[in-house]
Amino acid sequence: MTDMNEASLEQPETPARRLFPHPLLSFVLVVVWILLQNSFSFAHLLLALFLGWGIPCLTASFWPTRPHIRSYRKALAYTLLVCGDIVVANLTVAKLILFRSPGSLHTCWVRVPLDLTTPEAITLFAGTITMTPGTVSADLSADGRSLLVHCLDAPDPEGTVAMMKTRYEARVKEIFE
Amino acid sequence: MNIVLEVLVSVLIVIGAGFVLVGSWGMVRLPDLMSRLHAPTKATTLGVGGALLASMFFFFGVNKTLSVHELLITLFLFLSAPITAHFLSKAYMHRHVDPEKTLPRPGRLGWSTYEAAPGAGDGQQNEEQS
Amino acid sequence: MIDYALNFGLVAVSLALLLNLYSLFKGPSTMDRVLAVDTMVINVIALIVFYGIRQQSVMYFEAALLFAMFGFVSTVAYCRFVLRGNIIE
């Protein structure tokens, strides 16, 4: 109960908010449950709606703040861009594995300074970095202002950092903040 | 089943299996854990994604109903791969990487694997002060 | 044609599993072995899916889904154990 009181100090609590702490999570749960049944019927929809209402209510105290998505159109465009980049990334990494001797790879650690502040945005950005060309996000700094990234092959570390910031971080920032 | 679907399924199976093989080969070939991490997170995940798409199209051809189950597994793998990689690299850094020698310094505070965040775990800080 | 592609796929995934087994035995550090097991789980999912196509049965997807979830949870639990010394604090 103390957790709920803390949450209500941060954001005004309305009845609608208490019933649906995370509308987006409820929606995702309904869709996932129906996909899991692999068939559509009224009974499944009813159970899905019940789960979509119940699970966010039970877990609301673990996730007190609500992420604010500014533009769903930009979020969709970002998803498509990342899906395309994942395919390109796989071809790049496969080429590096097959045709380059391991000694000639320029592996290095780089630090990416973050402009993002909300945990959801940083998580999305770090996940994107891991799935795209030759980089894996390894750690976040203790103050949450920079991200440690390992590059598989980066002859030009500054260029890689600039590419990550302009191509992904700027877009994530537009979606969330 | 019509020929276009058959070709599509075959191509997806071959591509998926190829990527799975390349990912595992990369894990054997690359020298240290951080570069090895690149192979399974990317190549293998896309390989399984290709296999699942192939199965989706195949059962669409056989049963004439679109089965969306596979998309769920693909989505789950794509969401869980970065988290697994992050955890593996954190654990590896904790055991084997010296932050002073090899890593760039992030600022006044260090990386969160080695140093606690300010304000997080207040109980521990109080213990140290007392 | 799908049969030939499936034969190729099954052979390739089996080879990948053998390579994983090799890196599981070789891997110098503990984390290398954890990574090898994690990759093995993902490869087994591919194997299950190919087998499901060959048997023309939809029943194998539940197995694949369970494998994906248990693989993820076990890898995270192991990493947490290495990082913190216990899993649930």
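# Briefing on a predicted three-chain model

Chain C contains 3 helices and 0 strands. The model is a predicted one, and the mean pLDDT is 79 for chain A and likewise 79 for chain B. Of the 2 pairs of chains in contact, chains B and C share the most contacts, whereas chains A and C do not touch. The points below take the confidence of the model, the build of chains C and B, the contacts between chains, and two residues of chain A.

**Confidence**

- In chain A, 91% of the residues reach a pLDDT of at least 70.
- Helix 6 of chain A, residues 119-131, has the highest mean pLDDT among the elements of that chain, at 86. The lowest mean, 43, belongs to helix 1 of chain A, residues 2-10.
- Over residues 1-10 of chain A the pLDDT stays under 50, and the model has 8 contacts beyond four places in sequence for this stretch.
- In chain B, 86% of the residues score at least 70. Helix 1 of chain B has the highest mean pLDDT among the elements of its chain, at 88, and helix 5 of chain B (residues 122-129) has the lowest, at 42.
- The pLDDT is below 50 over residues 122-130 of chain B, a stretch with 0 contacts in the model beyond near neighbours in sequence.

**Build of chain C**

- Along the sequence, the pattern of chain C reads α-α-α.
- Chain C is more spread out than a compact globule, because its radius of gyration is 16 Å, well over the 12 Å that the globule rule gives for 89 residues.
- Taken along the principal axes, the box filled by the C-alpha atoms of chain C is roughly 50 × 30 × 10 Å.
- Of the 89 residues in chain C, 38% are buried.
- Among contacts in chain C with a separation of 6 or more, 43% are between residues 24 or more positions apart.

**Build of chain B**

- Chain B has 5 helices and 0 strands, arranged along the sequence as α-α-α-α-α.
- Buried residues account for 50% of the 130 residues in chain B.
- For contacts in chain B between residues at least 6 apart in sequence, 59% join residues at least 24 apart.

**Contacts between chains A and B**

- On the side of chain B, 42 residues are in contact with 36 residues of chain A.
- Helix 1, helix 2 (33-36), helix 3 and helix 4 (69-96) of chain B each give two or more residues to the side that touches chain A. Helix 4 of chain B gives the most, with 10 residues.
- Helix 5 of chain A (residues 72-99) packs against helix 3 of chain B (residues 38-63) at an angle of about 125 degrees, and the two axes are 9 Å apart.
- Helix 5 of chain A and helix 3 of chain B are therefore oblique to each other, and their crossing is left-handed.
- Helix 5 of chain A makes this contact through I86(A), V87(A), A89(A), N90(A), V93(A), A94(A) and I97(A), and helix 3 of chain B through H38(B), A39(B), K42(B), A43(B) and L46(B).

**Chain C and its partners**

- Helix 1 of chain B (residues 3-29) and helix 1 of chain C (residues 2-26) pack with an angle of about 15 degrees between them and their axes 9 Å apart.
- The two helices are therefore roughly parallel, and helix 1 of chain B passes helix 1 of chain C in a left-handed crossing.
- The nearest C-alpha atoms of chain A and chain C are 9 Å apart.

**Two residues of chain A**

- A94(A) belongs to helix 5 of chain A. This residue counts as buried because it has 22 C-beta neighbours inside 10 Å.
- Apart from neighbours within four places in sequence, A94(A) is in contact with F19(B), V22(B) and A43(B).
- T118(A) sits in the loop between strand 1 (108-113) and helix 6 of chain A. T118(A) is partly exposed, with 15 other C-beta atoms within 10 Å.
- The contacts of T118(A), leaving aside neighbours within four places in sequence, are with P67(A), F176(A) and E177(A).
- T118(A) and T65(A) are 53 residues apart in sequence, and their C-alpha atoms are 9.8 Å apart in space.

Methods. Residues numbered from 1 in each chain as written. Chains lettered and ligands numbered in written order. Predicted model: local features only at pLDDT ≥ 70, side-chain atom pairs only at ≥ 80, totals over all residues. pLDDT = per-residue confidence, 0-100. Helix = DSSP H or I, 4+ residues; strand = E, 2+ residues; numbered from the N terminus. Contact = placed C-beta atoms within 7 Å. Rg over C-alpha atoms; globule rule 2.2 N^0.38 Å. Buried ≥ 20, exposed ≤ 12 C-beta atoms within 10 Å, placed from the backbone. Axes fitted to C-alpha atoms, helices over the stretch in contact; angles between N-to-C directions. Parallel < 35°, antiparallel > 145°, perpendicular 65-115°, else oblique. Left-handed = near helix turned anticlockwise from the far one by under 90°.
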